[in-house]
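I opened this notebook to record what I looked up, entry by entry. The sequence and structure come first, and my notes follow.

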Amino acid sequence: MKRLNIGGLIPRLPIIQGGMGIAVSLSGLASAVANEGGFGVISAVGIGMLEPNYRRKFRESNKISLRKEIRKAREKSDGVIGVNIMMAISDFDDLLNIALEEKVDVVFIGAGLFLKRPEMPEGCTTKFVPKVSSARAARVIFNYWADKYNWVPDAIVIEGPMAGGHVGFKKNELLNVQKPLHQLIEETVEVMKPFEERFNIEIPVIAAGGVYSGNDMYEALEAGASAVKMGSRFVTTTECDVSDAFKQNYLKATSEDIVLIDSPVGLPGRVITSSFVKKIQAGETMPVNCPWKCLKTCDYKKAPFCIASALFNAAQGNLDEGFSFAGSKAYLADRIMSVKETISQIMQEYAEAKYLAKLKLKSV
Ligand SMILES: Cc1cc2nc3c(=O)[nH]c(=O)nc-3n(C[C@H](O)[C@H](O)[C@H](O)COP(=O)(O)O)c2cc1C
């Protein structure tokens, strides 16, 4: 198996747990994954909703809560701990600064083109990993960094159309998929080559979106990825920080229950259907009472519902007033198990897939 090396960060396993908001992946899940040799990732978006004063002090609460969760994760694990921050949120810079002040190992940045190289505090060695949905977007970011800063990000996540949460494709591209994940991986690996040569570094390509089993992981690594990022697979773990009702919703879901909605973020979102989802799909609007405008792109006076409240309600177990984000393969979950068991199952599935592929080769 390939060894993942993100600028000198070398975890035991090439498995990255996807950052999941709101309040789905916090210190509990991130530290458990890091302890098993993967990358544990805390999602920063809306994290302050866990604080009592959130509605009055939105920015301050997000900062307090993110710092708290990073420190808790550090107390529970010596492994690799990262933070996921969406560029679409209005306090992106504040939360990035907290992650850097706390010297997290790595920051994953999605929902926008990550063009501005952050100022690093003294002694900070945090690695930066943007998430994109096409090799073209990867090229734009890396060209920009190379021209402007004479440097490039430390790795890249290429996320395909089967991912959970906000997906970087148009709805019609999701309903009629043009490029499967393996093709996106191959194209991104090609795009990274000249930058690896120019800067004499390794730039790992990390594959995400519908990577659920060890077999999926085998296929992604065979296509050229150096690691996989899995979100949905880690929701149904004992250590996942979300409510039990949210996890049970995953266990009950069938493949038909996993649907697309239009999110006020400006991207399609993949969710498990609920009474709330049916209402918004039927064109109903829910009153939005927004004192803070958490998303740069959200016109809250016109938004049909508040995505932050819907996600937070679901995370707390109130699924009638929200919905769970979920990847296309989330319906495969059949029980709650520990992170340890989950990872050992993935590795077992991976070994079987590799063995079967070898047998097939021999018989040809
Ligand atoms: C419940 C849930 C919440 C998510 N929240 C975020 C988030 O806050 N920020 C983000 O960049 N990606 C988010 N994602 C995307 C994941 O980080 C990951 O990229 C995705 O889950 C990969 O697809 P998979 O679920 O098929 O493994 C979320 C995904 C899920 C399932």
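Before the helices, I wrote down the contact rule: two residues are in contact if their C-beta atoms, placed from the backbone, lie within 7 Å. I also noted that helices (H or I, at least four residues) and strands (E, at least two) are DSSP runs, numbered from the N terminus. The model is predicted, so I kept in mind that local features need pLDDT of at least 70 and side-chain atom pairs count only at pLDDT 80 or more, while totals for chains, interfaces and linings use all residues. Residues are numbered from 1 along each chain as its sequence is written.

**Helix α11**

I looked up which residues of α11 are buried, a residue being buried if 20 or more other C-beta atoms lie within 10 Å of its own, exposed if 12 or fewer, and partly exposed in between, with C-beta atoms placed from the backbone. In α11 I found Val 339, Thr 342, Ile 343, Ile 346 and Tyr 350 buried, and the buried residues of this helix pack against β1, α1 and α7 (214–222). I then checked the length of α11 (residues 339–363), taking the expected span of a helix as 1.5 Å times one less than its number of residues. Its 25 residues should span 36 Å, and the end C-alpha atoms are 36 Å apart, which agrees.

**Helix α2**

I repeated the check on α2 (residues 58–76), where 19 residues should span 27 Å and the end C-alpha atoms are 27 Å apart, again in agreement. The buried residues of α2 include Phe 58, Leu 66, Ile 70 and Ala 73, and I noted that its buried residues pack against α1 (27–35), β2 (39–43), β3 and α3.

**Strand β4 and its partners**

Is β4 covered on one face or on both? I found both faces covered, with Val 106, Phe 108 and Gly 110 on one side and Val 107 and Ile 109 on the other, all buried. I recalled that in a regular strand the side chains alternate between the two faces of the sheet.

Next I looked up the pairing, where two strands pair if DSSP finds at least two bridges between them. Strand β3 (residues 80–86) and β4 pair in the parallel sense over five bridges, and Gly 82 stands opposite Val 106. On β4 I also traced a parallel pairing with β5 (residues 127–132) over four bridges, in which Val 106 stands opposite Lys 127.

I followed the chain through β3, helix α3 (residues 92–101) and β4, which make a right-handed β-α-β unit; right-handed here says that, with the strands pointing away from the viewer, the path from the first strand over the helix to the second runs clockwise.

**Backbone oddities**

I looked for unusual backbone geometry and found a cis peptide bond between Gly 21 and Ile 22, with omega about 0°; Ile 22 lies in the loop between β1 (15–17) and α1.

Lys 103, in the loop between α3 and β4, has a positive phi of about 55° although it is not a glycine. With 15 C-beta neighbours inside 10 Å, Lys 103 counts as partly exposed.

Asn 200 lies in the loop between α6 (181–199) and β8 (205–208), and its phi, near 55°, is likewise positive in a residue other than glycine. Asn 200 counts as exposed because it has 6 C-beta neighbours inside 10 Å.
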